[in-house]
Amino acid sequence: MRKLLAGLATAAFASVSGATFLSQAMAARSPETIARVNPLDNTAQRLATARAVKDGAPSNAAFFAKRAVAAMPLDQFALATSSSARQPEEQLAILNLAAALGWRDGPTNLALIERGLSEGRPDIAAQRIDATGRVFGAEPVLELTDRLLLVEGGLRELGFRAKARNDGAWWQSYFRSVPKSRSIGEARAALLASIDPEDGAWQRQMVQDAAIGFAAASMEDLLIPVTRSMNSALNGEGSLVFDTGFAAFDPARAGLTGEWVYPNAAPALLAKSASGNLLIEPTGANAGPVLSQKFIAEPGAWTLRARGKGGDGFTWQINCQSSGKLELGELATVAIGESIFTIPEQCRIAELSLLAKAGAETLVTLDMVEITKP
């Protein structure tokens with residue numbers, strides 16, 4: 001928190017250090033000297049307050065902040081900073097006054113977030129986290145947002161704020177960051193799942209952003225159920241593969257973690273037929289994946305089944321993140337058919353891919369792909 005407050009104080013210092021009636025050189029060198037010489041100069045006191053906060057000197061910060069308030073009682077930054085030297089009841093009254101002056105001041109918001117967290121007011125904490133994120137970006141509130149997610153009522157209140165999506169850029173940056181623990185990853189996944197599915201485009205964007213952070217933390221298994229809950233009707237019962245009939249798949253749209261994905265630079269053209277089948281036309285380019293999907297693996301024997309036509313130039317492959325390529329039998333050489341294979345105990349996340357062979361020329365039509373118990 002000290003580092004966080006210091007960063008916001010830097011912005012405050014920069015905003016006032018260029019005042020025309022103060023020597024800028026002197027201000028940069030020793031703002032405290034100017035403040036002591038000019039006790040009724042609000043700008044001087046703000047400079048000294050910001051410097052003290054940045055230097056980690058809370059008592060000095062409170063001293064100069066109180067002087068800044070005396071010089072200009074409606075100074076929001078000074079009000080919030082001076083509250084740290086007060087008793088809890090007085091501090092809350094001062095913070096409420098500072099809050100009434102606007103929602104953009106960093107120190108005011110940070111102080112109110114801490115009070116909200118400590119006093120069981122997740123609604124206040126969420127409101128001020130959102131305000132800080134909208135002004136300063138996600139970086140200052142990453143840790144605070146995760147903390148709030150883990151307290152009672154925090155997920156609900158942050159969900160309300162995310163749904164409002166006032167300046168969604170900071171939410172996108174937040175979800176792209178790497179969760180620092182499994183419990184935080186689980187809480188973030190729950191927050192994503194709580195976003196109103198009626199606002200599908202917004203929820204989809206957030207899940208797409210979160211895929212970056214979850215992948216970096218090796219927590220993609222937490223994101224796969226969120227993706228699939230957005231299209232629950234397509235969850236094939238008993239199949240590890242989602243959207244077995246390609247009802248939701250759109251080759252023109254980026255696939256999310258847990259959906260069918262059309263890889264970049266795939267050596268084939270993909271399209272949906274009028275009847276909903278997936279048409280895959282090789283381009284004659286190099287070998288490589290043309291269709292893939294990540295899924296949560298369950299150890300034991302399974303059957304991979306692909307129904308359709310053609311596809312002599314295509315093969316299937318399954319890779320476990322922890323143990324590598326699995327033996328697929330027949331479908332390791334052709335695109336249409338079925339194979340029984342085994343998922344080992346250590347395999348938690350796997351990826352199913354359809355690969356085009358080098359020089360493939362024959363069109364393949366896929367009607368259904370599933371992984372079920374034999």
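**Burial, contacts and sheet order in a predicted model**

Buried residues account for 50% of the 374 residues in the protein chain, and the model discussed here is a predicted one.

Colleague: What percentage of the contacts between residues at least 6 apart in sequence join residues at least 24 apart?

Modeller: The protein chain is built from 15 helices and nine strands. Taking its contacts between residues at least 6 apart in sequence, the share that joins residues at least 24 apart is 64%.

Colleague: Is Trp 170 buried or exposed?

Modeller: Trp 170 belongs to helix H12, which covers residues 169–176. Its relative accessibility is 2%, and the cut-off for burial is under 20%. Trp 170 therefore counts as buried.

Colleague: Which residue, 37 residues apart from Trp 170 along the chain, has its C-alpha atom separated from that of Trp 170 by 5.6 Å?

Modeller: Leaving out residues up to four places away in sequence, Trp 170 touches a set that includes Ile 129, Asp 130, Arg 134, Gly 137 and Val 141. Another residue that Trp 170 touches is Gly 133. The residue whose C-alpha atom is separated by 5.6 Å from that of Trp 170, at 37 residues along the chain, is Gly 133.

Colleague: How does Asn 231 count in terms of exposure, and what is its relative accessibility?

Modeller: Asn 231 sits in the loop that runs between helix H15 (220–229) and strand S1 (268–272). Setting aside neighbours within four places in sequence, its contacts are Phe 242 and Glu 259, while the C-alpha of Asp 243, twelve residues apart in sequence, is 8.8 Å apart from that of Asn 231 in space. Partly exposed residues fall between the limits of 20% and 50%, and Asn 231 counts as partly exposed because its relative accessibility is 25%.

Colleague: Which strands stand at the edges of the open sheet of four strands?

Modeller: This open sheet has antiparallel pairing and the order S3-S8-S5-S6. An edge strand has a single partner strand, so one side of it is left without a neighbour in the sheet, and the strands in that position are S3 (288–296) and S6 (324–325).

Colleague: Which residue in S6 is the bridge partner of Asn 319?

Modeller: Strand S5, residues 314–320, pairs with S6 in the antiparallel sense over two bridges. The bridge partner of Asn 319 in S6 is Lys 325.

Colleague: At about what angle does H15 run to S3?

Modeller: Helix H15 spans 220–229. H15 lies across S3 and strand S8 (349–356), and the angle at which it runs to S3 is about 95°.

Technical notes. Residues are numbered from 1 along each chain as its sequence is written. This is a predicted model: local features need pLDDT of at least 70, side-chain atom pairs count only at pLDDT 80 or more; totals for chains, interfaces and linings use all residues. Side-chain values use heavy atoms; hydrogens and water are left out. Buried means under 20% relative accessible area, exposed over 50%, partly exposed in between (1.4 Å probe, protein chains only). Contact means heavy atoms within 4.5 Å. Two strands pair if DSSP finds at least two bridges between them. Axes are lines fitted to C-alpha atoms, for helices over the stretch in contact, and angles run from 0 to 180 degrees between N-to-C directions.
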